[in-house]
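Below are some notes on helix packing, one helix length and two backbone angles. Please read them beside the model.

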Amino acid sequence: MLLQVATVLAVTLFSTTKLAEARPKSYAVWAADSVIARGQGNGLTAGVPSVQYADGEFQWGLRLLYERTGNQSYFDWIRMGADNIVASNGSVIGAYNLSSYQLDPLRTGPTFIYMYEKTGEAKFRQAANVYRGQLNVHPRTEEGQFWHKLIYPNQGWLDGVYMGEVFYTRYTLAFDTHNATAWNDITSQFELMFDHTIQLPGAQNDFGLLYHGYDYSHTAVWASPDRGHSPEVWDRALGWYMMALVDVLEVAPANSGPLRPTLLRILNALVPKLRDAADPTTGAWWLVITQPGRALNYFESSGAAMYIYALLKSVRLGFVEDPHGSIVAAAKKAYGYAVENWVIPNADGTMSWNNTVVVGSLNTDGSFDYYVSQPVDLDDLKGVAAFLLASLEYEKL
C-alpha cells in the first residue's frame, strides 16, 4: 500500500491535491514528497542553477528512498538536480568556483558519481573529476587537514568532513580504489579533526564530544590555547561529522588501510557520549550541547535528526554494539519528540519541518551568544533532509 501511495504521488508530479488525499504512513515518503512539492533540492535557487550542499544531502536520502520504493520520480528528481548544475561538457556551473576553495560544494559530488554509474554519461564523470581536482590543490594545515574555506586559513570545521570526505570516499571507491595514499588521506581528515576537537576529561562542560572546529594557527579569537579548538559543541556540526562516520564506514572497502579501524574507534568513542548528552526528559539535544538548560538555548531539529540517523545506522550495520538497547532506545525517543514537535501537517497535504537553525559559523567568536542569536527556519532543507535520512533508518527498525 505504501509503495502504491508513493507511486500515485509521483505520477501526479506530487501535486498538492493528491498529497492532501492520502497522507503517507511513511514519514520518509511524506518528507520527500513535501520537499519535491515545494521545488526544493533540485539544484536551483529562485530558478537559477546553484550548487548547494543541502541539495546533495537531500539527494542522498532521495536515492535511498528510490532504492527502497522503486519510485521513478525520485530518481528523476535527483537527475534533474544534477543536470541543473552540470553542463554538457562536464563543467560544474551554479556559481561553483574552484579557486574559492570551499568544501561545501563537494557534497553534491556523490550525486554526480551516482548519475554516472546509473546513466554512463561522461559529463557526470567529468564533473566528479572537477571536484576531485579541487582536493588535489585545496589548501591544508601543516598536518594535512583541509581548510574549511580559503577565507578561513588553517581552520578545520566538523562540517567540512561531511562535505569533503563523503565525496572523497565515494570517488576513490568508484574510480581509484587501489590508491592507498587517498585512503590514508581520508583517514587522516577524520583523525586530525577528532584529535583537535574532542573534549578532554576535565574540560568545562565536558560531554566527551567534539567542538565545532579548530584553528591550527591559533590566531582566531576563539581558538583555545592548547589545541586551537572553538569553545562550544554546536549540535549540527557534530551531526555532520557523525553522519560522515557512518556513511563512509558503510562503503569503506577492505583495502582502505587504517580507515575502517580508525573510524570504528572514533564512532565507538562518540556514540555512548552522544546518547548520554540527550535531554533526559524529552530525548532531544540542545543547540549548544555544552550549555544544557541555559536561557535562550533550545532543542534544535537538524542536529537531532542527524543523530537519530547516525545512532540507528551505527547499530544496524554492527559498527557499535548495543547489548541493552539503550542506543536504539535513545534514538527512538528522540524520533518521537521530533515527530510530535517539529513535523507540521499542512492543509495541502504536505508536511513542514520546524526549528532548524539557519546557520552556524566560526566567522565570529564561536560563543554561546552567537549560536543562539541565529535565526530558526521553517522547511530548511538541511533539516528536513536530515529528517528524511532519520526516517529511513527508523522505518528499518
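1. The expected span of a helix is 1.5 Å times one less than its number of residues. Helix α9 (residues 180-197) has 18 residues, so it should span 26 Å, and its end C-alpha atoms are indeed 26 Å apart. Helices here are DSSP runs of H or I with at least four residues, strands are runs of E with at least two, and both are numbered from the N terminus.

2. This is a predicted model: local features need pLDDT of at least 70, side-chain atom pairs count only at pLDDT 80 or more, and totals for chains, interfaces and linings use all residues. Residues are numbered from 1 along each chain as its sequence is written, and side-chain values use heavy atoms, with hydrogens and water left out.

3. The buried residues of α9 (under 20% relative accessible area, 1.4 Å probe, protein chains only; exposed is over 50%, partly exposed in between) include Trp183, Asp185, Phe190 and His196. Buried residues of α9 pack against α7, β3, α8, β4, α10 and α11, contact meaning heavy atoms within 4.5 Å.

4. Helices α10 (residues 235-251) and α11 (residues 259-277) pack at an angle of about 140°, their axes 10 Å apart. Axes are lines fitted to C-alpha atoms over the stretch in contact, and angles run from 0 to 180 degrees between N-to-C directions. Among the contact residues are Leu238 and Tyr241 of α10 and Arg260 and Leu263 of α11.

5. Most residues other than glycine have a negative phi. His218, in the loop between β4 and α10, has phi near 60°; Asn355, in the loop between β6 and β7, has about 70°. His218 is partly exposed at 35%, and Asn355 is partly exposed at 21%.
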